[in-house]
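This report describes the sheets, the backbone features and the pockets of one protein chain. Please keep the sequence and the coordinates at hand while reading.

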Amino acid sequence: MKKYIDISGLDLFASNRGTAALGYGSIPFLEEKGYFTDGQELILFHRYKKFWKRSNIQVRFEKLQINEKTYRRTIVPIHDVEYRLVQKFGIILPFTQFGRYVKKVELEAAIYGGDGFSDIYGTSTFMGRMNQTWLLRRAGVPLLLLPQTIGPFKEKKNYDIAVRLLCYAKEIYVRDNKFVPELNRLGLKFTQTPDLSSYMIPEPWDIEIKENAVGLNVSGLAYSNKFNGLEGQFDVYPELIECIINHFRTKGCTIYLIPHSYNYNKPIADDDMVACREAYNRLHDKSNVILIDKDLISPQIKYLISRMTFFMGARMHANFAAIYTGVPVYGMAYSYKFEGAFNANGLDGNKQTAMINNLRIEDIEHYIAKIDRFYCKVIQNEKQKH
């Protein structure tokens, strides 16, 4: 077995805590499946253009802490010109740092953002997620698709690229059944497993949780209503959030506004923290509403969500945090991945998710009624237990 494993997309400090959660879960998953063993290390190939920057041309090392274990990752630079030679023509220069290190790579385990093997977020995002794949495939490094949602695809050219990579993959793991008919049609073997984030251990931190705590993840993607490919589909989302808050407050609940994709110091596009703050500030009555205004890492957010009695989320991995800690959850969906993921984890995707795309003002009451029906069922079940 060769020395290195490339887990492409592994970023424990990603602004999107869902992406980070995939990183936290990827190594335990690979260890369990026998793909990553003692003595092996992680590797990442860093593409750069500015050769006069010393930090760009040096091989670097970093230590990653995951579930109380330490892992070492080697970061190997590759100049943009060499990257293009490899990607377009398959020319691998044996005397370069890339040429030397790539010979020692056992496989690429691809995260692709958990739902990035799709062009739902645009073609550039779809292609950009595979920057390691373009290199390593040319070098003959086996590809393993870690558990994720595959598709949907708007553009046929993107579907064709996806099919070529699926056919190349040594192993395909999926977290739901949404693309299974296509995999079957293509004659490709696959294994369905829980999402990688199920392997991430929650990290406790000091917070007091009130009784009847209801968690609400406010998505910056929907709140800003400007995300490429989905822009203009969430016109009434701010009103929906306000109505949900008021609805649960009348039930005697304390509502926790929980961001899941955000940069605390330098807000990103479609930032959940910005959305949570705006949702909080637009409330005339802020009683029994708590804004989680802290820079939390992914395991800490999973812990927070695990303390809720009920949770609603428009970020898939915020919902996964609830699902894998046994918290009753309702998915405020913007993609078919929600229903598929809920079904795949033993929940009822039809009754526990509803699309927020293209809602109108007159739809809000009906939307909240669907959430309330499920919430009342949860409360009734809890009373029966006791």
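Where is the place of Tyr112? In this predicted model, Tyr112 sits in the loop between β5 (105–110) and α5 (123–128).

**Backbone features in loops**

Although Tyr112 is not a glycine, its phi is positive, at about 55 degrees. With a relative accessibility of 1%, Tyr112 counts as buried, because buried means a relative accessible area under 20%. Asn212 likewise is a residue other than glycine with a positive phi, here near 55 degrees, and Asn212 belongs to the loop between β8 (191–192) and β9. Its relative accessible area of 39% makes Asn212 partly exposed. A cis peptide bond, with omega of about 5 degrees, links Gly151 to Pro152, and Pro152 is located in the loop between β6 (143–148) and α7 (156–168).

**The sheets**

One open sheet has 6 strands in the order β11-β10-β9-β12-β13-β14, and its pairing is parallel. At its edges are β11 (289–291) and β14 (353–355), each of which pairs on one side only, and from one strand to the next the twist averages 15 degrees. Within this sheet, β10 (residues 254–257) and β11 run parallel and are joined by 3 bridges, with Tyr256 standing opposite Ile290 in β11. Helix α11 (residues 272–281) lies across β9 (213–217), β10 and β11, and runs at about 150 degrees to β11.

Another open sheet has 8 strands, in the order β3-β4-β2-β1-β5-β6-β7-β8, and its pairing is mixed. The edge strands here are β3 (60–66) and β8, each pairing on one side only. Strand β2 (residues 41–48) runs parallel to strand β4 (residues 69–79), and 7 bridges join the two; Arg47 has Ile78 in β4 as its bridge partner.

**The pockets**

The largest pocket has a volume of about 540 Å³. It is lined by 23 residues, of which Asn16, Arg129, Phe227, Ser261 and Arg315 are the closest to its centre. Helices α1 (17–33) and α13 (316–323) each contribute at least two residues to the lining of the largest pocket.

The second largest pocket holds about 280 Å³ of space. Its lining includes Pro328, Asp348, Phe374, Val378 and Asn381, and among the other lining residues are Lys351, Lys370, Arg373, Lys377 and Lys385. At least two lining residues come from each of α15 (349–352) and α16 (364–385), and α16 provides the largest share of this lining, with 8 residues.

The table gives the composition of each lining by residue class.

| Pocket | Nonpolar | Polar | Charged |
|---|---|---|---|
| Largest pocket | 8 residues | 9 residues | 6 residues |
| Second largest pocket | 3 residues | 2 residues | 7 residues |

Which classes make up the lining of the second largest pocket? The residues there divide into 3 nonpolar, 2 polar and 7 charged, while the lining of the largest pocket has 8 nonpolar, 9 polar and 6 charged residues.

Note on methods. Residues are numbered from 1 along each chain as its sequence is written. This is a predicted model: local features need pLDDT of at least 70, side-chain atom pairs count only at pLDDT 80 or more; totals for chains, interfaces and linings use all residues. Side-chain values use heavy atoms; hydrogens and water are left out. On a 1 Å grid over the protein atoms alone, a cavity is a set of points where a 1.4 Å probe fits but cannot get out, and a pocket is an open set with protein on both sides within 12 Å along at least five of seven lines; lining residues have an atom within 4 Å of a point. Grid points are joined across faces, edges and corners, and a volume is the space filled by probe spheres set on the points. Helices (H or I, at least four residues) and strands (E, at least two) are DSSP runs, numbered from the N terminus. Ala, Val, Leu, Ile, Met, Phe, Trp, Tyr, Cys and Pro count as nonpolar, Asp, Glu, Lys and Arg as charged, and the others, Gly among them, as polar. Two strands pair if DSSP finds at least two bridges between them. Axes are lines fitted to C-alpha atoms, for helices over the stretch in contact, and angles run from 0 to 180 degrees between N-to-C directions. Contact means heavy atoms within 4.5 Å. Buried means under 20% relative accessible area, exposed over 50%, partly exposed in between (1.4 Å probe, protein chains only).
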